[in-house]
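Visitor: Hi, could you walk me through this model? I'd like to go through it bit by bit.

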Amino acid sequence: MSYHTAEVVHEDQERLINGRVAAYFQKLTGMHRAVVVTTASGAPMGFAEAIEDAMQRALSTHTLGRKLMFVGNGGSAAIASHMAIDYWKNGGIRATAFNDAALLTCLSNDYGYEHVFEKPIEMMAQPGDLLIAISSSGRSPNILKAVAAARKKDCGVVSLSGFTPDNPLRALGDVNFYVPSDAYGYVEITHLSICHAILDLSGDVKRA
């Protein structure tokens, strides 16, 4: 292969890589426009309206002396822990997550992993608390049981899900954010962005 031919091949490969990277981030930056939001009854809700609704729920929960509870598995667990800290540290809103290692291993061992969020919610949730249930698939048994436990305690629920439109979590919240993608990266980053938007806009309201 001549030097000129090798240079052309390299340039073609670079263009291909640049195009793929650009396409990925172009899709990512537009994911919020694809989010589908529904109410508890399944009625459609505008994205901005839903962010505002979730923000007001978070603020009123705190004002009433109650707390936000975040639950999720894997990457969603990382979002839950991240948001629980940010909501109380940066937003001044009471928030917690049930991701302590001892808690998870204890409850998994004694009751089974599907109960690791249900059990602490049964013990610590109060009427008027708000559960933020995060699951990329919307099918994780422990997240669905967490929602059921929260409802028994008269808590509100905001759900964030993805993958298939028929996932059960999508029908269980008072406000349900659904990301129509089967790629974990797109779903998880969009979920994180939604949670941050609710927090950041809540801060704007509190400062106003």
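Guide: Happy to; here is a short tour by topic, starting with the ground rules.

Guide: This is a predicted model, where local features need pLDDT of at least 70, side-chain atom pairs count only at pLDDT 80 or more, and totals for chains, interfaces and linings use all residues. Residues are numbered from 1 along each chain as its sequence is written, and side-chain values use heavy atoms, with hydrogens and water left out.

Visitor: Good. How many helices and strands are in the chain?

Guide: The chain has eight helices and seven strands. Both are DSSP runs numbered from the N terminus (helices are H or I, at least four residues; strands are E, at least two). The C-alpha trace spans about 75 × 45 × 35 Å along its principal axes.

Visitor: And how much of the chain is buried?

Guide: Of the 208 residues, 43% are buried. Buried means under 20% relative accessible area, exposed means over 50%, and partly exposed is in between (1.4 Å probe, protein chains only).

Visitor: Let's look inside. How many cavities turn up?

Guide: A search of the whole structure finds one cavity of 30 Å³ or more, and its volume is about 60 Å³. On a 1 Å grid over the protein atoms alone, a cavity is a set of points where a 1.4 Å probe fits but cannot get out, and lining residues have an atom within 4 Å of a point. Grid points are joined across faces, edges and corners, and the volume is the space filled by probe spheres set on the points.

Visitor: Why use a probe at all?

Guide: Because rolling a probe the size of a water molecule over the atoms shows where empty space is left.

Visitor: Which residues line the cavity?

Guide: The lining is Ala-54, Ala-58, Phe-70, Tyr-87, Ile-132, Val-158, Leu-160, Ile-194, Cys-195 and Ile-198. Helix 3 (47-63), strand 6 (156-162) and helix 8 (184-207) each supply at least two of them, and helix 8 gives the most, with three residues.

Visitor: What's the chemical character of that lining?

Guide: It divides into 10 nonpolar residues, no polar and no charged. Here Ala, Val, Leu, Ile, Met, Phe, Trp, Tyr, Cys and Pro count as nonpolar, Asp, Glu, Lys and Arg as charged, and the others, Gly among them, as polar.

Visitor: Switching to charges: how many salt bridges does the structure hold?

Guide: It holds six. A salt bridge is a side-chain nitrogen of Lys or Arg within 4 Å of a carboxyl oxygen of Asp or Glu. One of them joins Arg-57 and Asp-53, at 2.5 Å from N to O. Both residues lie in helix 3, four residues apart, about one turn of the helix.

Visitor: Which ones link distant parts of the chain?

Guide: Asp-166 and Arg-139 form one, with their closest N and O atoms 2.7 Å apart. That pair links the loop between strand 6 and strand 7 (175-179), where Asp-166 sits, to the loop between strand 5 (130-134) and helix 7 (141-152), where Arg-139 sits, 27 residues apart. Another is Asp-174 with Arg-151, at 3.2 Å from N to O. Here Asp-174 is in the loop between strand 6 and strand 7 and Arg-151 is in helix 7, 23 residues apart.

Visitor: Is Asp-174 buried or exposed?

Guide: Asp-174 is buried, because its relative accessible area is 19%, while Arg-151 is partly exposed at 32%. Salt bridges that share partners join Asp-53, Arg-57, Arg-151 and Asp-174 into one network.

Visitor: What about the outside, which residues make the nonpolar surface patch?

Guide: Ile-17, Val-21, Tyr-24, Phe-25 and Ile-189 make a patch of about 450 Å². Four of those residues, the largest share, come from helix 1 (residues 3-29).

Visitor: Any unusual backbone angles? Which residue in the loop between helix 7 and strand 6 should I check?

Guide: Asp-154 is in that loop, and it has a positive phi of about 60° although it is not a glycine. Asp-154 is exposed, with a relative accessible area of 56%. Phe-163, in the loop between strand 6 and strand 7, also isn't a glycine and has a positive phi of about 65°.

Visitor: Last one: how far apart are Ser-193 and His-32?

Guide: They are 161 residues apart in sequence and 8.6 Å apart in space, C-alpha to C-alpha. Ser-193 lies in helix 8 and counts as partly exposed, at 43% relative accessibility.

Technical notes:
Patch = residues over 30% accessible without salt bridge, like charges linked within 9 Å, V, L, I, M, F, W, Y side chains within 5 Å. Areas by Shrake-Rupley, 256 points an atom, 1.4 Å probe, with all protein chains shown as cover. 1 Å grid on protein atoms, 1.4 Å probe; cavity = no way out; pocket = protein on both sides within 12 Å on 5 of 7 lines; lining within 4 Å.
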